[in-house]
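Reader: I have a new structure open and I'm not sure how to read it. Could you walk me through it, feature by feature?

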Amino acid sequence: MAAPLVLVVLAAVTVRAALYRSSLAVFIAERVEVASPLNAWKRVVEGLALLDLGVSPYSGAIFHETPLIIYLFHFLIEYAELVFMITDVLTAVALYLAIQDFNKVVFKKQKLLIELDKYAPDVAELIQTPMEMHYIPLKVALFYLLNPYTVMSCVAKSTCAINNSVIAFFILATIKGSAFLSAVFLALATYQSLYPLTLFAPALLYLLQRQFIPIKLKSKSFWLYTMQYTSLYLCSLVVIICLSFFLLNSWDFIPSVYGFILSVPDLTPNIGLFWYFFAEMFEHFSLFFVCVFQINVFFYTIPLAIKLKEHPMFFMFVQLAIISIFKSYPTVGDIALYMAFLPVWSHLYRFLRNIFILSCVLIFCSFLFPVLWHLWIYAGSANSNFYYAITLTFNIGQILLISDYFYAFLRREYYLTHGLHLTRQDGTEAMLVLK
Amino acid sequence: MAPPEAAPLAGRRKRKRRGAARGGAGGGMAAALLLLLLLLAAGPGPGRADAGQERRDALREELLLSPLPTGDVAATFQFRTRWDADLQRGSVSHYRLFPKALGRLVAALGVRELHLALTQGFWRTRYWGQPPLQAPAGAELWVWFQPTVTDVDKAWKELSNILSGIFCASLNFIDSTNTVIPTASFKPLGLANGTDHHLLRYAVLPREVVCTENLTPWKKLLPCGSKAGLAVLLKAERLFHSSYHSQAVHIRPICRDASCLAMSWELRQTLTVVFDFFSSGQGKKDWSLFKMFSRTLTDTCPLASQSKVYVDISPKTKEKELLEVSPPPTSVHEAVVQGDKKTYAVYDLLSPSLFNTSRSLNVQLKWKRPQDSSEMPIPTLHAQRYVAGYGLQTGEICTLIYNTHPYRAFPVILLETVPWYLRLYVHTLTIITKGKENKPSYIHYQPAQDRRRPHLLEMLIQLPANSVTKITIQFERALLKWTEYPPDPNHGFYVGSSVLSALVPSVTAMKDMDVEQSPLFTSLFPSSDGSSYFVRLYTEPLLVNLPTPDFSMPYNVICLTCTVVAVCYGSFYNLLTRTFHVEEPSRGGLAKRLANVIRKFRGVPPL
């Protein structure tokens with residue numbers, strides 16, 4: 001199993017190394033789809049230059065990385081390309097190991113449920129076989145490493161790759177069942193980009209499930225474990241933030257990083273929904289709509305936790321997708337992370353309703369982004385609405401893709417318990433509807 | 001020198017007093033009493049003050065006419081009011097020559113030095129040579145406050161608003177987004193104890209359009225208004241029909257005498273205008289006062305203690321006298337100005353001989369033979385700035401600084417103020433001289449904050465002899481909120497001129513001059529020693545286009561984006577709240593049941 005992974009890694013490194021040496025690297029680094037104000041490499045370099053000039057990097061509106069990133073690149077600026085390649089490879093390996101472990105868990109659970117006769121008798125074809133599951137970890141690594149979005153993100157040296165890596169390690173730690181490491185990596189991810197805060201819920205659910213603690217509000221052990229995990233998370237978050245404070249000896253980074261993420265002052269176009277909306281917003285409604293839009297990321301967490309409490313990994317996937325759709329400065333790197341999980345749900349393929357159309361939408365939009373950007377910014381023959389229209393379509397595509405997967409997942413769960421061949425009371429073939 | 005009208009004033013007051021006494025004896029008691037009361041209330045105060053102050057303020061006015069190498073003519077008016085009083089004490093209540101509006105302002109807001117310039121057009125240093133006083137296009141204001149001022153920002157805001165009212169200019173648009181605190185470029189020009197730069201504020205409004213409405217209040221500050229003296233030439237219809245127009249007000253404290261034990265206040269009002277005769281005057285470079293201003297000088301301002309017209313007649317080449325001025329000047333003044341030996345024909349308007357021969361003075365200049373323009377002198381220091389790059393995403397500001405001195409290198413301080421919506425990347429800053437990187441010996445950079453503060457970049461750069469230094473810095477253009485664009489967004493956004501301050505080594509040695517005796521145009525900037533002179537240059541303002549949103553569709557955008565959010569909400573809501581059910585044959589809707597009732601009546605089997 002290791003040999004194909006090494007091959008994939010080698011291929012990925014070769015592609016990246018070739019692109020770094022080509023003239024495309026500059027072009028990709030300038031693309032607004034790849035580098036947002038939050039994670040553009042140009043801004044990291046600017047932050048370091050400001051530090052060299054003796055100016056606090058947070059005194060301006062250019063630099064929004066966390067202090068740990070400055071210190072990381074303060075020493076590694078010469079090896080930046082290497083750092084980003086290694087980060088990508090580490091992410092892929094972490095995802096590979098995580099999914100490998102997850103598959104074992106899934107398989108065990110499936111076996112247990114079959115032995116307990118929880119499944120309907122005619123669902124044999126829905127059961128995941130070890131043969132099918134064997135290549136899933138490799139496919140996940142492949143999907144992450146050779147996804148054009150990841151490649152571009154890496155070539156542009158967007159620090160999004162580092163955030164993804166932290167999240168991947170968090171998932172690995174969660175799946176391995178290490179509450180401490182999971183909390184630490186979750187705190188790091190939160191510290192880096194705030195939104196992974198919502199991944200707290202699926203991680204907790206997964207860990208509870210692993211510890212065989214029933215999720216009941218009246219159960220004492222549930223509350224005990226929750227408190228334990230929460231305090232671990234909060235402690236590591238406090239430690240990391242204090243460490244950042246001692247690195248720069250000022251709290252300036254809090255408004256400059258988190259304030260910047262939450263209040264969306266930089267309206268540079270990107271693939272998200274925020275920029276044009278707030279460029280066109282009436283001033284006195286601005287604050288209200290910032291709240292409305294920011295709440296979207298956090299809003300779905302609790303209902304999803306209730307609905308998917310038995311399936312925390314799928315919850316994690318949906319939550320990652322929601323973050324990448326509704327975060328204030330999304331880039332293609334964020335999308336690449338949740339897309340890496342698509343092979344894990346390959347058994348849902350038969351229930352997906354419009355996967356063909358949605359993949360076409362996403363692919364065509366990806367090609368249209370640079371075209372319409374060129375028409376607007378360079379040729380002057382289009383205006384901002386053209387680019388905006390594409391971001392809307394792209395986001396609709398993502399939303400429908402995720403809800404399609406969600407639908408397929410729920411439907412499969414229903415079939416597993418109720419049998420694949422449903423009949424009506426009068427014995428005819430039945431239709432399945434959401435009510 | 002005592003102003004000539006002091007005596008008549010005193011006399012008039014005496015007569016009035018006598019009149020009042022007579023009136024009281026004669027009749028018309030009510031009127032007389034009223035007059036008496038008025039006199040008792042108002043009379044003695046100024047009377048007492050007059051006695052002390054008569055000799056304590058003085059007005060000097062002068063006009064410098066200098067033909068420029070390209071054939072244009074520059075006219076520089078300077079009106080200097082000097083007042084030996086301490087404005088800051090607050091005891092001053094009677095103003096004579098010094099405008100009360102400005103005096104009160106200085107006293108109330110704790111202003112130490114104030115420099116305001118309103119300019120239309122751009123001084124082309126490369127072709128016109130070093131100006132006596134340059135100003136950037138638009139409005140420029142820089143102020144040093146007293147160390148006693150606690151809240152400098154508040155005083156600055158208040159000051160800019162008051163000045164906006166006084167000069168009818170849009171100075172009230174000065175706010176934190178265009179105000180900077182330079183650390184090295186702007187030193188106090190007058191007396192100063194400390195130079196703590198936190199007391200300094202500097203702002204430029206490059207978009208400001210200067211017009212008659214700004215000239216009229218400026219003229220009103222002159223003791224004689226535009227009624228007499230040199231100010232009669234200031235007619236708006238001529239002044240604004242020019243290629244460069246700059247009017248300025250400088251207030252500063254100066255030494256009262258050579259020992260510098262006491263302080264005086266100086267108000268300088270300057271106005272520089274460049275007339276383009278070469279293109280508008282049928283290719284002739286000859287000019288006269290009448291041609292320029294459609295007025296001639298007829299009398300002097302009775303309040304002025306000095307009133308002179310200087311005409312630059314310095315020969316370009318030593319052997320040939322190329323031009324002649326008429327009428328013959330009262331005297332000839334030779335001086336070294338900005339490193340060049342200059343000869344000036346002087347007309348002293350106060351000398352009685354001048355107006356004896358003719359009733360008016362119309363200075364004329366004629367070129368004896370056409371001048372070949374190939375031998376245009378190039379100033380030692382000049383600069384040029386432009387925006388490079390294409391598209392609306394990124395760009396580059398390039399500044400070229402020329403040092404044409406044949407053998408001397410000198411340092412120059414460059415001040416660059418860039419609004420926040422052009423996001424400068426200081427790591428892309430490159431300074432290249434003669435193909436090699438030139439490292440600035442001092443650099444002060446303050447990055448911008450969105451909607452709060454502009455970028456400020458100050459550098460001390462050494463310019464080698466006979467070199468061109470190219471400074472480039474890249475920027476990114478921001479997309480603004482639709483309400484932040486001006487009414488004509490595709491016109492572009494102005495970036496104020498960058499400021500170059502330098503001590504330029506002089507080719508000719510300069511003599512130390514007595515400041516009080518020398519012509520005004522040489523004495524605003526302090527000269528350090530004989531070997532160099534101070535120059536402050538402004539480069540071109542830049543016009544930069546930003547990407548614009550579609551201004552016509554805020555509602556559409558709000559609707560469409562919210563729809564996308566609602567699509568997400570809707571589909572998730574469906575999946576989260578509903579569960580799968582097998583579709584059972586329903587009992588039918590209301591319509592079906594109604595149909596069945598009717599069918600029952602008809603005796604037909606139900607549906």
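**Sheets, contacts and a few oddities**

Author: Sure, let's begin with a sheet. In chain B, five strands form an open sheet with antiparallel pairing, in the order β15-β16-β22-β18-β19. Keep in mind that this is a predicted model.

Reader: Why is one side of β15 and of β19 of chain B left without a neighbour in the sheet?

Author: Start with the general idea. Strands of a sheet pair through backbone hydrogen bonds, either parallel or antiparallel. Here, β15 (381-388) and β19 (436-437) of chain B are the edges and each has a single partner strand, so one side of each has no neighbour in the sheet.

Reader: How many bridges join β16 to β22 in chain B?

Author: There are 10 bridges between strand β16 (residues 394-403) of chain B and β22(B), and the two run antiparallel. To find one by eye, go to Tyr402(B): its bridge partner in β22(B) is Val468(B).

Reader: Which other sheet should I look for in chain B?

Author: Look for an open one built from 11 strands, with mixed pairing. Its order is β5-β6-β4-β3-β7-β8-β2-β1-β10-β13-β12 (chain B). β5 and β12 of chain B are the edge strands, each pairing on one side only. Within that sheet, six bridges hold strand β4 (residues 138-145) of chain B to strand β6 (residues 200-205) of chain B, and these two run antiparallel. Trp144(B) stands opposite Leu200(B) in β6(B).

Reader: What domains does chain B have?

Author: The domain assignment gives domain 1 (63-285), domain 2 (381-544) and domain 3 (553-581). Between the C-alpha centres of domain 1 of chain B and domain 3 of chain B there are 60 Å.

Reader: Now the two chains together. How much area do chain B and chain A bury between them?

Author: The size of an interface is often given as the accessible area lost when the parts come together. For chain B and chain A that is about 6,000 Å², with 67% of it on carbon and sulfur atoms. The contact draws 55 residues from chain B and 70 residues from chain A.

Reader: How many salt bridges and polar contacts cross the interface of chain B and chain A?

Author: Side chains of opposite charge can pair when their charged atoms come close. Three salt bridges cross between chain B and chain A. One to look at is Glu476(B) with Arg43(A), where the closest N and O atoms are 3.3 Å apart. As for polar contacts, 29 residue pairs make them across the interface, counting pairs with both residues at pLDDT 80 or more.

Reader: Which elements of chain B supply residues to the side that touches chain A?

Author: β18 (422-433), β20 (442-446), β22 (467-477), α12 (554-577) and β27 (580-582) of chain B each supply at least two. α12(B) gives the most, with 17 residues. By class, that side of chain B has 32 nonpolar, 13 polar and 10 charged residues.

Reader: Where does a strand of chain A pair with chain B?

Author: Go to β27(B), which three bridges join to strand β1 (residues 432-434) of chain A, running antiparallel. Val433(A) has His581(B) as its bridge partner there.

Reader: What does Lys42(A) touch?

Author: Lys42(A) lies in helix α3 (residues 41-52) of chain A. Leaving out residues up to four places away in sequence, Lys42(A) touches Glu30(A), Thr394(B), Tyr425(B), His427(B), Gln474(B) and Glu476(B).

Reader: Which salt bridge links distant parts of chain A?

Author: Try Arg353(A) and Asp404(A), with their closest N and O atoms 3.3 Å apart. Arg353(A) is in the loop between α18 (332-339) and α19 (355-379) of chain A, while Asp404(A) is in helix α20 (residues 384-418) of chain A, 51 residues apart.

Reader: And the backbone: where is there a cis peptide bond or a positive phi?

Author: Most residues other than glycine have a negative phi, and most peptide bonds are trans. The bond from Ser326(B) to Pro327(B) is cis, with omega near -5 degrees. Pro327(B) sits in the loop between β11 (323-326) and β12 (331-337) of chain B. Cys168(B) has a positive phi, near 55 degrees, and is in the loop between α6 (152-167) and β5 (179-180) of chain B.

Key. Residues are numbered from 1 along each chain as its sequence is written. Chains are lettered from A and ligands numbered from 1 in the order in which they are written. Side-chain values use heavy atoms; hydrogens and water are left out. Contact means heavy atoms within 4.5 Å. Buried area is the accessible area (1.4 Å probe) that two parts lose on being put together, summed over both. A salt bridge is a side-chain nitrogen of Lys or Arg within 4 Å of a carboxyl oxygen of Asp or Glu. A polar contact is a pair of N or O atoms within 3.5 Å; within protein, one must be able to donate a hydrogen and the other to accept it, and residues adjacent in sequence count only if both atoms are side-chain atoms. Helices (H or I, at least four residues) and strands (E, at least two) are DSSP runs, numbered from the N terminus. Ala, Val, Leu, Ile, Met, Phe, Trp, Tyr, Cys and Pro count as nonpolar, Asp, Glu, Lys and Arg as charged, and the others, Gly among them, as polar. Two strands pair if DSSP finds at least two bridges between them. Domain bounds come from an automatic or database domain assignment.
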